[in-house]
Amino acid sequence: MGLLNLFDLAGSAMSAQSVRINTVASNLANAEVASASPEAAYRAREPVFTAVLDEFGEHPESARVTVADIVESDAPVRQRYAPHHPLADEKGFIYLPNVNVVEEMANMISAARSYQSNVEVLNTSKQLLLNTLRLGQ
Amino acid sequence: MSISFSRALGVHEQALVIRSRRSELLASNLAHADTPHYKARDIDFKAALEAARAGQGGGLERTHPDHIAVGSPGPGGEPLYRIPEQPSLDGNTVNRRVEHVKFTENALRYQASITFLSGRFGGLRTAIRGE
């Protein structure tokens, strides 16, 4: 039954989007964490989605969404001159994460919208299934 | 005179099957709106319904038992790829608004078929009871 596959599909998309919201939360929470060297600084993370074909599925197009990997941004970390900071190196610099707050906010809104549209899909298909069950009564 | 159920239900039985397949495809497009290189797919409902009414499954037929079984593409035949309106950097061709509108429209038409079917069932029941 095609409509029952929708629950799996929309559910996988919702969990993938919630991973995305989680990484946004992690990036925003760590946006101002200072460290002593560029290597030790936190780097912005982002999940990469991929479509996984269910080999035992009836139809190949009902590929579920999975998180293939969580990649770290390779943008340069921010350097700030703060000689009195306890973590400052010998030149007086501290290193801050390469998190772009504006980008993260836009990312969060996009993830929330995607999540919502999947909830919508779930609700609609639930309604359709219930109506099909009541057919002829 | 006997009652033929397949004739009584008309086109709606096949329409429901194709509609549910189409809703699966459209939901898949929406679910993969953020997946890189995902290509949006859809089926041509009119052509699929005509094929279903003509009794063609839309798939390859095995004319010999030794033929390798090819997975049936399912009702509605092989899905087609949507032509993207504008290119995107990650190769994804899903337009969220278009898919949403089509999904809602498809759901409405599914409901319409269900309503027609319940009407037919009501008519059959009246005919059987003879009230």
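Select chain A and chain B together and display the surface between them: in this predicted model, the two chains bury about 2,500 Å² between them. Of that area, 62% lies on carbon and sulfur atoms. Colouring the residues in contact will mark 30 residues of chain B and 33 residues of chain A.

Next, select A:Arg20 and B:Asp34 and show their side chains. These two side chains form a salt bridge, with a nitrogen-to-oxygen distance of 3.1 Å. The count of salt bridges between chain B and chain A is one. Polar contacts may then be displayed across the boundary, where eight residue pairs are counted, both residues of each pair at pLDDT 80 or more.

Now keep chain B alone and select α2 (12-31) and α4 (96-129), the elements that each give two or more residues to the side touching chain A. The largest share of that side, 11 residues, comes from α4(B). Colour this side of chain B by residue class: 15 residues are nonpolar, nine are polar and six are charged.

Turn finally to chain A and display it as a cartoon. Two helices and four strands appear, and along the sequence they follow the pattern α-β-β-β-β-α. Rotate the chain to view its extent: the C-alpha trace spans about 80 × 30 × 20 Å along its principal axes. Its radius of gyration is 22 Å, whereas a compact globule of 137 residues would have one near 14 Å.

To end the tour, colour chain A by accessibility; buried residues make up 36% of its 137 residues. Among the contacts in chain A with a separation of 6 or more, 64% join residues 24 or more positions apart.

Methods:
Residues numbered from 1 in each chain as written. Chains lettered and ligands numbered in written order. Predicted model: local features only at pLDDT ≥ 70, side-chain atom pairs only at ≥ 80, totals over all residues. Heavy atoms only, no water. Contact = heavy atoms within 4.5 Å. Buried area = accessible area lost by both parts, 1.4 Å probe. Salt bridge = Lys/Arg side-chain N within 4 Å of Asp/Glu carboxyl O. Polar contact = N/O pair within 3.5 Å; in protein donor to acceptor, adjacent residues only side chain to side chain. Nonpolar A, V, L, I, M, F, W, Y, C, P; charged D, E, K, R; others polar. Rg over C-alpha atoms; globule rule 2.2 N^0.38 Å. Buried < 20%, exposed > 50% of the residue type's maximum accessible area, 1.4 Å probe, protein only.
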